Amino acid sequence: DGCGHTVLGPESGTLASINYPQTSPNSTVCEWEIRVKPGQRVQLKFGDFDIDDSDSCHSSYLRVHNGIGPTRTEIGKYCGFGFQMDGLITSESNEVTVQFMSGTHTSGRGFLAAYSTTDKSDLITCLDNASHFSEPELNKYCPAGCVIPFADISGTIPHGYRDSSSLCMAGVHAGVVSNTLGGQINVVISKGIPYYEGSLANNVTSKVGPLSTSLFTFKTSGCYGTLGMESGVIPDSQITASSILEWSDQTGQVNIWKPENARLKRVGPPWAAFISDEHQWLQIDLNKEKRITGIITTGSTLAEYYYYVSAYRILYSDDAQKWTVYRDPGVDKDKIFQGNTELYQEVRNNFIPPVLARFFRINPLKWHQKIAMKVELLGCQFSIGRAPKITMPPPPRNKNNDKNDDFSDHFIHSVKTSLQTDKTTFTPEIKNTTVTPSVTKDVALAAVLVPVLVMVFTTLILILVCAWHWRNRKKKTEGTYDLPYWDRAGWWKGMKQFLPTKSVEHEETPVRYSSSEISHLRPREVPTMLQTESAEYAQPLVGGIVGTLHQRSTFKPEEGKEASYADLDPYNSPVQEVYHAYAEPLPITGPEYATPIIMDMSSHPSTPLGVPSISTFKAAGNQGPPLVGTHNTLLSRTDSTSSAQALYDTPKGQLGPGAADELVYQVPQSVAHSTGSRDE
């Protein structure tokens, strides 16, 4: 009477003391006899151990034996509060006896343990959860019997389960392992989410859960797609039923709840049986044999008709004549699947091992008011040629071919019917097939390359955008009369030395000022005369007559020997200096000259006669006498008919009129002049 939760499977199982995790009662005893296949051994692992040791394991203890019966030998005797068992307890044979004795005590939860064959080196217990492990990916073996009433899970697939959930119990809920068989799970741990949904699946209720640090999901073979009820891939003609509910409502309208209405999430009434008894069924023809891994059901989904099926059986066939009832492996009775508990909620049940069939039939056993339901099947295509390669061991070579053929046929049949344990030991490997290593590597490689490529392309785009904006800003900052930034003198001069010299005929015509033309122009016509084609060098912004340029000028010198104003030498230079093709930069030690600024006085009132105009330039030293001559008169642009006689400052650092020969720049200073132009 001391046995608690117990599930003993052919390869693994779970056992616990009575009333666990509460204090076990006094004076109770329980013995478990565990057997696995001959040639294998048993390993035992404790998930929790808390047995009173006040009398030094005399009346309360747990004892493990090799073998069963009178010939058994003791492996060990254990007791203690919060006892931590290091490693596993391993038997010497395929049989083990576990004995629990509870004497007089006031505390102690008892124990919970899991067992498996020794080839399952990664065995865990039903109490282990994701927070017990630090690895981002786990590959563990869950024992049978992990649907326990004292463990909780939160979440569902595909969103994931809260990290506080039992790994193995969540595996049963997700449909990756069987509660009666156990099996391998491949767990991926990732960042948690704020909210975890609850659902009912495989007789396990998942509760709603709050935010957690992390969550976990399962890797599977991927054979969990819908088979066509909801989408309409399965036509109406392939959905049949034992009977159809037909009735008239209060308005006299006839309602027919036909089998084709039994499509999950389809708006409207469901399929309902005319008679509610255990002989009704809903049948689906998949058109060819497929691997069916699960089923999802709901009730009527109509609030005014509170109908649903709460329990049912599953039958399947290849010809719709001979039917097989689904059973758990190693169990000699039909499996009863838990259905709905209300009319809206979707309830999922998985088939482990999967059903391989063309015809699928649902047989309701329990219902609320009337038999009514909507259905969707889960699974994938099935290739009969691939299954034997995965599950069937190589036949013995010392037997004849006939026996080998009989063995193969019998093995395939046992997988499809799931009736005999000794023929389905390889089935968990089928249902728990995880993603192949090559696929895993490809997924991991893609997960690294995709973000890197996105970052590279984003960087290139940003560089191009920044360069475009910089170019536009550069253009905007250039003055109205400036050269483009790519053709400024400093950069262009450096490049000119690597380029061939231009021929005279291809060069632009420099600005020339003819004395004969200037002398006959009125003041208003001078600016028009000065407008010429754009020169290779920026022209001085002067609306008047320009004298001869010295070698230190920043303007391009004139070429050719045409008779013009520029040919005259008002300074009587003794030696004609050779000008270069391009202006040279001013020397660092040279004098600093003021730059002429010509103001357009056309929009201002003219200066009264007799009032001298004020120069905007300061003369350095004593101002020399004005230079007079035929070609040194500056015509001012004004609205009046008056003009100004040009005077010129001497360069900085030089005094007196004797310095006139050394003038390089001539800065005009206006003085009062008589109306018109005066030539001297």
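User: Which residues do ring pairs link into a cluster?

Analyst: In this predicted model, ring pairs join Trp32, Phe46, Phe49, Phe100 and Phe111 into a cluster. The structure as a whole holds 19 aromatic pairs.

User: How should I read one such pair, and why is the pair of Phe46 and Phe111 called edge-to-face?

Analyst: A pair of aromatic rings is described by the distance of the centres and the angle of the planes. For Phe46 and Phe111 the ring centres are 6.2 Å apart and the planes stand at 75°, so the pair is edge-to-face; the cut-off for that word is an angle over 60 degrees. Phe46 belongs to strand β4 (residues 42-50) and Phe111 to strand β9, so the pair ties together parts that are 65 residues apart in sequence.

User: Are Phe46 and Phe111 buried or exposed?

Analyst: Phe46 counts as buried because its relative accessibility is 12%, and Phe111 counts as buried because its relative accessibility is 0%; the word buried applies under 20%. A pair of another kind is formed by Tyr326 and Phe337, which is tilted, with 5.8 Å from centre to centre and 45° between the planes. Tyr326 sits in the loop between β24 (324-325) and β25 (337-338), while Phe337 is in strand β25, and the two are 11 residues apart. Both Tyr326 and Phe337 are buried.

User: Where does the charged end of Arg361 sit?

Analyst: The charged end of Arg361 sits over the ring of Trp281, at 3.9 Å from the centre of that ring. Arg361 also lies over the face of Trp323, where the distance to the ring centre is 4.1 Å. In addition, the side chain of Arg361 makes a polar contact of 2.5 Å with the side chain of Gln283.

User: What surrounds Gln283, and is Gln283 buried or exposed?

Analyst: Gln283, a residue of strand β22, has a relative accessible area of 11% and is therefore buried. Leaving aside neighbours within four places in sequence, its contacts include Gln238, Ala320, Trp323, Phe360 and Arg361. One of these, Ala320, lies in the loop between β23 and β24, and its phi is near 65°, a positive value in a residue other than glycine. With a relative accessible area of 24%, Ala320 is partly exposed.

User: How many residues does the largest nonpolar core have, and which of them have the most contacts inside it?

Analyst: In soluble globular proteins, nonpolar side chains tend to be buried together. Here the largest nonpolar core has 28 residues, and those with the most contacts inside it are Ile295, Ile314, Phe351 and Ile362. The elements giving two or more residues to this core are β18 (239-241), β22 (282-298), β23 (308-317), β26 (347-368) and β27 (372-381). To follow one of the core residues outward, take Ile314, whose contacts, apart from neighbours within four places in sequence, include Ile295, Tyr326, Phe337, Phe351 and Ile362. There is also a second, separate core of 25 residues, and among its members are Ile124, Phe133, Tyr161 and Met169.

User: Where is Lys120, and which residues does Lys120 touch?

Analyst: Lys120 is placed in the loop between β9 (110-117) and β10 (137-142), and it is buried, with a relative accessible area of 13%. Not counting residues up to four places away in sequence, Lys120 touches Glu11, Gln43 and Tyr141. Lys120 and Val42 are 78 residues apart in sequence, yet 9.8 Å separates their C-alpha atoms in space.

User: Where is a cis peptide bond found?

Analyst: One cis peptide bond joins Ile157 and Pro158, with omega about 5°, and Pro158 lies in the loop between β11 (155-156) and β12 (160-162). Another joins Ile352 and Pro353, again with omega about 5°, and Pro353 lies in strand β26.

User: Over which residues does pLDDT stay under 50?

Analyst: Where pLDDT is low, the predicted coordinates should not be read in detail. In this chain pLDDT averages 73, and 60% of the residues score at least 70. The value stays under 50 over residues 502-513, for which the model has 23 contacts beyond four places in sequence. The value also stays under 50 over residues 602-650, for which the model has 113 such contacts.

Definitions and conventions
Residues are numbered from 1 along each chain as its sequence is written. This is a predicted model: local features need pLDDT of at least 70, side-chain atom pairs count only at pLDDT 80 or more; totals for chains, interfaces and linings use all residues. Side-chain values use heavy atoms; hydrogens and water are left out. Helices (H or I, at least four residues) and strands (E, at least two) are DSSP runs, numbered from the N terminus. Buried means under 20% relative accessible area, exposed over 50%, partly exposed in between (1.4 Å probe, protein chains only). Contact means heavy atoms within 4.5 Å. Rings of Phe, Tyr and Trp (its six-membered ring) pair if their centres lie within 6.5 Å; planes under 30 degrees apart count as stacked, over 60 as edge-to-face and the rest as tilted. A charge sits over a ring if NZ of Lys or CZ of Arg is within 6 Å of the ring centre and within 35 degrees of the ring normal. A nonpolar core is a set of buried Ala, Val, Leu, Ile, Met, Phe, Trp, Tyr and Cys residues joined through side-chain atoms within 4.5 Å. pLDDT is the predictor's confidence in each residue, from 0 to 100. A polar contact is a pair of N or O atoms within 3.5 Å; within protein, one must be able to donate a hydrogen and the other to accept it, and residues adjacent in sequence count only if both atoms are side-chain atoms.
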